[in-house]
Amino acid sequence: MFASLFGSLGDVLHLQYLIPLTIGTLAGLIGGALPGVTITMTIIIVLPFTFGLDPLAGLAAMVGVYVGGESGGLVTASLIGIPGTPSAVATTFDGFPMARRGEPGRAVWLGTWASFIGGLLGAFFLILTTEPLARFALRFGPWEYFSLFIFALAMVAGLTERSLLKGFLSGALGLIVTVIGADPIMAVPRLTMGSEFLRGGFQFLPVLIGIFAFAQIMTDLEHMARGRPQVQVQTSSLAVSHLAVIWEILSRPFLLLWSTLIGLWIGVLPAIGGSAANVMAYDQAKKFSKHPEKFGTGIPEGIIAAEASNNANVAGSLVTIMAFGIPGDAVTAVMLGAMIIHGIQPGPLFIVQEPRLAYGIFAAYLLAHPIMIVLQWLLAHVYLRIVQVSKAILIPLILVLCVIGAYALNNTMDNVYALLLFGVIGYLFVKFGFPLAPFILGVILGDQIEINLVRAIMTDADPWLFITRPISGVMLGLSVLSVALALWQHRRTEARLAESAEPDVDF
Amino acid sequence: MLSRDGIAGLACLGGSLWFLALTRGLPHPALVPVGPAFYPRILLTITALLSAALVVSDLVRRRGAARPAPVRYGFVLLTFAIFGVYVALLPSLGYRVATFLFVGGLQATLERPRGRRWGLVLAVALVTTLATYYVFEGYLSVLLPRGRLSGF
């Protein structure tokens with residue numbers, strides 16, 4: 001295991017891989033710092049640039065974006081009080097007060113070094129657990145896979161805060177998208193209404209790009225005022241004693257480890273994402289603290305917990321995608337698409353059949369952290385100025401890159417039409433309060449759910465096998481449990497949500 | 001009176017029932033236990049039930065008098081329209097011409113330029129078009145659409 005890892009570290013240090021990794025990390029830092037541009041959006045923008053690259057170089061760029069994005073959000077969160085990404089929300093609570101108190105360098109670097117350490121601790125988990133989990137998943141038959149995917153979908157749909165019904169309906173609609181076109185067993189066209197456009201079905205990447213990009217851009221446009229952005233960037237010095245900052249973090253080992261574990265756990269669970277990890281770790285740090293009343297006034301514990309957890313979350317998400325082929329969140333959903341484009345089928349066979357690529361991803365993840373530190377040190381002030389670029393310039397550029405991303409998949413306009421169609425659908429989802437995550441997971445897992453269901457029935461028509469086979473039964477039991485838990489939790493939160501009637505966007 | 005949830009539920013119910021009706025025309029093979037209609041029927045039945053439940057829950061739910069925040073739907077519709085025209089023109093005008101027009105047009109729509117700012121709008125449109133074209137075609141070997149009418 002470690003021999004493969006060291007070999008891959010040597011590979012990724014070659015310029016062929018190091019340059020995409022560095023550019024990806026920089027793009028992630030900038031995208032993460034830009035309020036309104038999420039990491040998912042940054043990955044979507046970077047994706048078409050990886051099409052012509054070697055698979056490992058392309059995936060290294062993606063990993064760089066992911067790691068950089070989680071750290072970039074903290075800069076704007078700390079210096080201007082606006083989280084660059086949802087996964088830096090809790091960083092704002094203490095980062096901004098600390099910066100306003102006259103310690104902007106300490107706020108930014110506490111977050112950056114906590115991200116670095118949390119990320120590296122997460123890397124150990126990623127490297128040590130992915131292969132054993134993948135080997136365990138190799139025992140799965142179609143019954144187990146079907147049940148695992150149902151469990152993932154049930155969990156994600158159940159996590160929808162505003163309406164449980166809409167969460168499940170959203171997931172079901174995502175599954176329907178995969179039914180349109182040729183069936184996977186006999187290639188009979190289904191639900192195409194005689195249309196040539198629908199006959200080939202929808203590739204999931206244009207669907208995903210359309211749904212996420214338009215949902216976000218159009219929601220931003222609804223509230224966009226004409227004229228220059230109002231963001232004022234403080235350009236005071238970020239100089240700080242790095243040893244003192246690192247010691248400040250390492251002198252709180254319990255906080256660091258606990259926040260990292262929370263980040264990892266949230267990352268492993270399908271489609272919850274870094275924002276939940278960030279807020280949950282902050283909340284836990286406050287609960288365990290001897291002085292909880294000081295949280296929110298600019299104390300280091302708040303920044304450390306929030307930032308260590310969201311970078312560890314990346315490692316957790318990578319475990320799920322690499323061991324089971326299930327995206328841990330929206331970002332890994334796009335990464336899964338990128339892997340498929342590069343001819344890789346994520347899942348338990350991936351690490352066994354493609355060890356060079358799998359360990360290359362681990363190596364890229366490890367190396368992205370020191371690269372992130374160096375870029376943060378060199379360029380924090382430079383890319384912070386990009387925050388001031390008008391959205392009138394950014395939005396057309398993003399949309400053009402979305403079109404290229406969709407078109408370049410197989411050089412056909414059909415994918416661009418699909419992008420537009422699902423852009424409209426994505427916006428309607430937001431307007432009607434439907435969560436996007438279950439829909440996307442439905443689109444990603446739909447084919448696999450159908451194939452494994454049909455395969456299981458063709459192997460043995462006894463439907464009880466889904467329950468009587470131990471792993472499958474446990475997965476289905478957990479699915480029922482997660483729905484029941486979600487129902488119980490939903491009843492508790494319904495009263496609270498009724499008070500805030502303002503529509504909310506649930507990405 | 002139905003709210004957003006009820007309307008969405010009705011639309012999903014109608015769509016899933018329509019698709020369910022379409023599955024009746026699918027063949028049933030004699031040699032395998034399940035045909036191409038097997039999985040869609042299960043899925044569409046579940047979707048129809050969930051949609052109906054959403055409509056019913058909307059009808060029985062008490063509603064507050066909350067008023068949504070004012071939003072600029074005109075802006076959104078205009079952006080969708082401009083993007084739609086861009087997508088429609090891509091095969092005819094080709095990537096370079098259509099993208100230049102799109103980036104310039106959308107910028108001018110989102111932030112109305114006056115005087116010298118027109119220069120910036122045109123410069124951004126030109127740089128975006130040329131930079132993306134040369135990076136993708138030249139460096140990344142991604143072929144971008146050629147125009148049927150423009151010839152490039």
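**Entry 1: the two chains**

I count two residues as in contact if their C-beta atoms, placed from the backbone, lie within 7 Å. The model I am reading is a predicted one. With that rule in hand, I looked up where the chains meet. I found 57 residues of chain A in contact with 55 residues of chain B. On the chain A side, the elements that give two or more residues are helix 3, helix 8 (164-179), helix 10, helix 18, helix 19 (413-431) and helix 20 (436-459). Which of them gives the most? I noted helix 18 of chain A, with ten residues.

**Entry 2: helix 3 of chain A**

Helix 3 of chain A turned up in that list, and I went to look at it next. Helix 3 covers residues 39-50 and has twelve residues. From first C-alpha to last it reaches 16 Å, close to the 16 Å expected at 1.5 Å a residue.

Is helix 3 of chain A enclosed or open? Twelve of its twelve residues are buried, so it is largely enclosed by the rest of the structure. Among them are Ile39(A), Met41(A), Pro48(A) and Phe49(A).

I then asked what these buried residues of helix 3 pack against. Within chain A, I listed helix 2 (15-33), helix 4 (55-79), helix 10 (204-222), helix 15 (330-341) and helix 18 (391-407). Chain B joins in too, with its helix 4 (117-139).

**Entry 3: chain B**

Staying with chain B, I looked up its domains. The domain assignment gives domain 1 (4-60) and domain 2 (73-139). I noted 40 Å between the C-alpha centres of domain 1 and domain 2 of chain B.

Next came a helix pair in chain B. Helix 3 (residues 73-110) and helix 4 of chain B pack at an angle of about 145°, and their axes are 8 Å apart. Is the crossing left-handed or right-handed? I have it down as right-handed. From helix 3 of chain B, the residues that meet helix 4 include Tyr95(B), Phe100(B), Val103(B) and Gly104(B). On the helix 4 side, Val121(B), Leu122(B), Ala125(B) and Tyr133(B) are among those they meet.

**Entry 4: the largest nonpolar core**

I looked up the largest nonpolar core and found 221 residues in it. Which members touch the most others? They are Leu208(A), Ala364(A), Tyr365(A) and Ile440(A). Domain 1 (4-60) and domain 2 (73-139) of chain B both give residues to this core, so it lies between them.

I followed Leu208(A) a little further. Leaving out residues up to four places away in sequence, Leu208(A) touches Ala333(A), Val334(A), Gly337(A), Ile440(A) and Val443(A).

**Entry 5: helices 12, 13 and 14 of chain A**

Helix 12 of chain A (residues 253-268) has 16 residues. It reaches 22 Å from its first C-alpha to its last, close to the 22 Å expected at 1.5 Å a residue. I wrote down some of its buried residues, including Leu255(A), Ser259(A), Gly263(A) and Val268(A).

Ala276(A) lies in helix 13 (residues 274-288) of chain A. Why do I call Ala276(A) buried? There are 23 other C-beta atoms within 10 Å of it, and 20 or more is the cut-off for buried. How far is Ala276(A) from Gly263(A) in space? The two are 13 residues apart in sequence and 8.6 Å apart, C-alpha to C-alpha.

Helix 14 of chain A (residues 300-324) has 25 residues and reaches 36 Å, close to the 36 Å expected. I found helix 14 mostly covered, with 25 of its 25 residues buried. Gly325(A) follows helix 14 and has a positive phi, near 75°.

**Entry 6: two loop residues**

Most residues other than glycine have a negative phi. I therefore noted Met193(A), whose phi is positive, near 55°. Met193(A) sits in the loop between strand 2 (189-190) and helix 9 (196-199) of chain A. Asn411(A) also has a positive phi, near 50°, and its place is in the loop between helix 18 and helix 19 of chain A.

Are these two buried or exposed? Met193(A) is exposed, with 11 other C-beta atoms within 10 Å. Asn411(A) is exposed as well, with 11 other C-beta atoms within 10 Å. The cut-off for exposed is 12 or fewer.

**Entry 7: Trp109(A)**

My last stop was Trp109(A), in helix 6 (residues 104-137) of chain A. Trp109(A) counts as buried, with 29 C-beta neighbours inside 10 Å. Not counting residues up to four places away in sequence, Trp109(A) touches Val240(A), His242(A) and Val245(A). Leu465(A) is 356 residues away along the chain, and 54 Å separates the C-alpha atoms of Trp109(A) and Leu465(A).

Note on methods. Residues numbered from 1 in each chain as written. Chains lettered and ligands numbered in written order. Predicted model: local features only at pLDDT ≥ 70, side-chain atom pairs only at ≥ 80, totals over all residues. Helix = DSSP H or I, 4+ residues; strand = E, 2+ residues; numbered from the N terminus. Expected span 1.5 Å × (residues − 1). Domains from an automatic or database assignment. Core = buried A, V, L, I, M, F, W, Y, C linked by C-beta atoms within 7 Å. Axes fitted to C-alpha atoms, helices over the stretch in contact; angles between N-to-C directions. Left-handed = near helix turned anticlockwise from the far one by under 90°.
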